[in-house]
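Reader: I'd like a close look at a single part of this model, with the cut-offs spelled out as you go. Pick a good spot and stay with the side chains and strands around it.

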Amino acid sequence: MTTIFELKAEGTGGPLQVRILRKWKHDIWQYETWYLAVDKYADAIQILGQRTNQNYIESVFNVSECYIISDYSCPQLEKYQKVLENDFYIDVGALRHGSSHATHIYVNPNIPEITLLIDLFTGPSRTIPALSRTPTTLYEMKLKNRSDLLDKTFIVEASIKKFHFQNTWYQTTCPICKDPIFRRGHQWYCSAHGLIEKPTYIYKLTVTITDKMDTILAIVSETSCRKLLKSSLEKFISDNPLTNRNILSSIITNQKEQKKTMCIQMLRT
């Protein structure tokens, strides 16, 4: 058995026996379910079940019970996630179905729940929000009700006042499940899908924007980030192999205080 003391950031260990002591969710990041676990030496670690694995992990882990975890990785913690002294956490592996000769497996049975799931994942794509042709101000947007903001795009004349990011300004994610992954040798490792030859790179930028009336915190979309870099993130990293994930590129920071015509949407999430 591996112990928590032997674990290292951005790595994996052998089977780990732990007792689950506590469970919690963040008020904002509802796709993350966290657990506090200890081993027999009373060392503690945070365990995360997120996105594709979240519901399964919640159905398996019970507070005060013991488990052996054999398929996991140890990514770096972000500041908002950290509740212990550890700089990393345990990201547990995917659901694996077991069966025997007596097991009957049905694919897409004709029941309402399956129809709903198929429609959810293969149904029509999200409609493009209606564009408000008249330029507005951030102050006027703040005065509107939530229902007046949803599913609309507003045009503002504003500039970036400040860049915000926790630890890194972009993520390396699994191309299949979009969960964060980390490097293992010359490849990448996803706790749900094992070794991955090539990750998907995703921008992770939040900014404070300001106009003549007010300021607002906003997430920069993938499209807008590509315009700032004049390139996809994957191509930018390929052309600039020494890119530091922890320091913003000057190509991005040079956009600060430059007045631009911006499109702003308030998403339901």
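Author: What follows starts from one ring pair and works outwards through the sheets to a helix.

Some ground rules come before the tour. The model is predicted, so to speak of a local feature takes pLDDT of at least 70 and a side-chain atom pair counts only at pLDDT 80 or more, while totals for chains, interfaces and linings use all residues. Numbering runs from 1 along each chain as its sequence is written, and side-chain values use heavy atoms, with hydrogens and water left out.

Now the rings. Rings of Phe, Tyr and Trp (its six-membered ring) pair if their centres lie within 6.5 Å; planes under 30 degrees apart are stacked, over 60 edge-to-face, and the rest tilted. That rule gives seven aromatic pairs. One of them is tyrosine 35 with phenylalanine 61, edge-to-face, at 5.1 Å centre to centre and 85° between the planes. Tyrosine 35 lies in strand 2 (residues 32–38) and phenylalanine 61 in the loop between helix 1 (54–60) and strand 4 (66–69), so this pair ties together parts that are 26 residues apart in sequence. Helices (H or I, at least four residues) and strands (E, at least two) are DSSP runs, numbered from the N terminus.

Phenylalanine 61 also pairs with tyrosine 67; this one is tilted, 4.9 Å centre to centre and 50° between the planes. Are these rings buried or exposed? Buried means under 20% relative accessible area, exposed over 50%, and partly exposed in between (1.4 Å probe, protein chains only). Tyrosine 35 counts as buried at 0%, phenylalanine 61 at 8% and tyrosine 67 at 14%.

Strand 2 and strand 4 belong to an open sheet of six strands, ordered 4-1-2-3-6-5, with mixed pairing. Two strands pair if DSSP finds at least two bridges between them. The edges are strand 4 and strand 5 (72–73), each pairing on one side only. Further in, strand 3 (residues 44–50) and strand 6 (residues 90–92) run parallel, joined by two bridges, with leucine 48 opposite aspartate 91 of strand 6.

A second open sheet has three strands in the order 10-11-12, paired antiparallel. Strand 10 (182–184) and strand 12 (194–196) are its edges. Three bridges join strand 11 (residues 187–190) to strand 12, and cysteine 190 stands opposite glycine 194.

Other rings gather too: Trp169, Tyr170, Tyr201 and Tyr203 are linked into a cluster by ring pairs. The charged end of arginine 245 sits over the ring of tyrosine 170, 5.5 Å from its centre; the test is NZ of Lys or CZ of Arg within 6 Å of the ring centre and within 35 degrees of the ring normal.

Last stop, helix 5 (residues 222–229), where Cys225, Leu228 and Leu229 are buried. Down the helix axis, these buried residues fall within an arc of 90°, so they line one face; the arc is that of the directions from the axis to the C-beta atoms. The face turned away carries exposed Thr223 and Lys227. Cover for the buried residues includes strand 13 (200–203), helix 6 (233–239), helix 7 (250–253) and strand 16 (260–265), with contact meaning heavy atoms within 4.5 Å. Right after helix 5 comes lysine 230, with a positive phi near 55°.
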